[in-house]
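Biologist: Got a minute to walk me through this one? I'd like to talk about how the parts fit together.

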Amino acid sequence: MSYISWFNEHANKHKVIVEKLVAKEYTKEQIIAYFDFEYMVKNEPDFCPLYAEHKKCHDMESLNCYLCACPNFRFKDKGIEKVEGKTKYSFCGINSKDGKVGVYGDAIHQDCSACSVPHHKDYVSKNFGLDWKKIMKKVIIS
Ligand code: SF4
């Protein structure tokens with residue numbers, strides 16, 4: 001699946017859930033709490049493929065799914081630049097110390113497997129908005 005396909009599909013799923021919660025007059029705090037991994041696994045099983053196995057994407061006790069993937073991620077499906085003959089498709093916009101550069105054959109992708117930045121409740125609260133695509137506006141490189 002291309003980055004953009006995942007991005008648009010995820011945006012739609014996020015929007016449906018948020019609209020449902022807003023219609024129930026949930027506050028910002030209640031919406032963030034709803035997106036806690038443990039609630040999402042039970043209440044929104046289709047939101048993430050990992051929920052079926054009750055598996056977290058990161059090993060952390062309290063994981064929040066509201067800002068999955070991450071507002072700091074940057075991607076371009078056609079490739080951003082050539083690096084030593086390989087094509088770079090994504091990178092971290094804040095150069096997080098826990099992020100890694102993943103090299104897969106001729107492709108370079110950002111590896112966020114060891115970075116938990118967007119999954120902390122405080123981070124979600126600071127960067128909160130009802131429109132996921134708006135929060136992620138810098139993610140797609142044109
Ligand atoms: S490395 Fe961390 S901060 Fe950077 S894009 Fe990945 S999850 Fe976000």
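Modeller: Sure; this is a predicted model, and we'll go from the domains to the core and then to a hairpin.

Biologist: How far apart do the C-alpha centres of domain 1 and domain 2 lie?

Modeller: The domain assignment splits the chain into domain 1, made of 1–70 plus 116–135, and domain 2, covering 72–114. Between their C-alpha centres the distance is 23 Å.

Biologist: On the side of domain 1 that touches domain 2, how many residues are nonpolar?

Modeller: The contact uses 7 residues from domain 2 and 6 from domain 1. On that domain 1 side there is 1 polar residue and no charged one, and the nonpolar count is 5.

Biologist: Which elements give two or more residues to the largest nonpolar core?

Modeller: That core has 15 residues, and those touching the most other members include F35, M40, Y66 and F73. Each domain supplies at least three residues to this core. The elements giving two or more are α3 (37–43) and β1 (73–75).

Biologist: Leaving out residues up to four places away in sequence, which residues does Y66 touch?

Modeller: Y66 is one of the core residues that touch the most other members. With those sequence neighbours left out, Y66 touches I32, F35 and V124.

Biologist: In the hairpin of β5 and β6, which residue takes a positive phi?

Modeller: β5 (residues 100–104) and β6 (residues 107–111) pair antiparallel over 5 bridges, with V103 bridging to I108 in β6. There are 2 residues between the strands, and the one with a positive phi, near 65 degrees, is G105.

Notes: Residues are numbered from 1 along each chain as its sequence is written. This is a predicted model: local features need pLDDT of at least 70, side-chain atom pairs count only at pLDDT 80 or more; totals for chains, interfaces and linings use all residues. Domain bounds come from an automatic or database domain assignment. Two residues are in contact if their C-beta atoms, placed from the backbone, lie within 7 Å. Ala, Val, Leu, Ile, Met, Phe, Trp, Tyr, Cys and Pro count as nonpolar, Asp, Glu, Lys and Arg as charged, and the others, Gly among them, as polar. A nonpolar core is a set of buried Ala, Val, Leu, Ile, Met, Phe, Trp, Tyr and Cys residues joined through C-beta atoms within 7 Å. A residue is buried if 20 or more other C-beta atoms lie within 10 Å of its own, exposed if 12 or fewer, and partly exposed in between; C-beta atoms are placed from the backbone. Helices (H or I, at least four residues) and strands (E, at least two) are DSSP runs, numbered from the N terminus. Two strands pair if DSSP finds at least two bridges between them.
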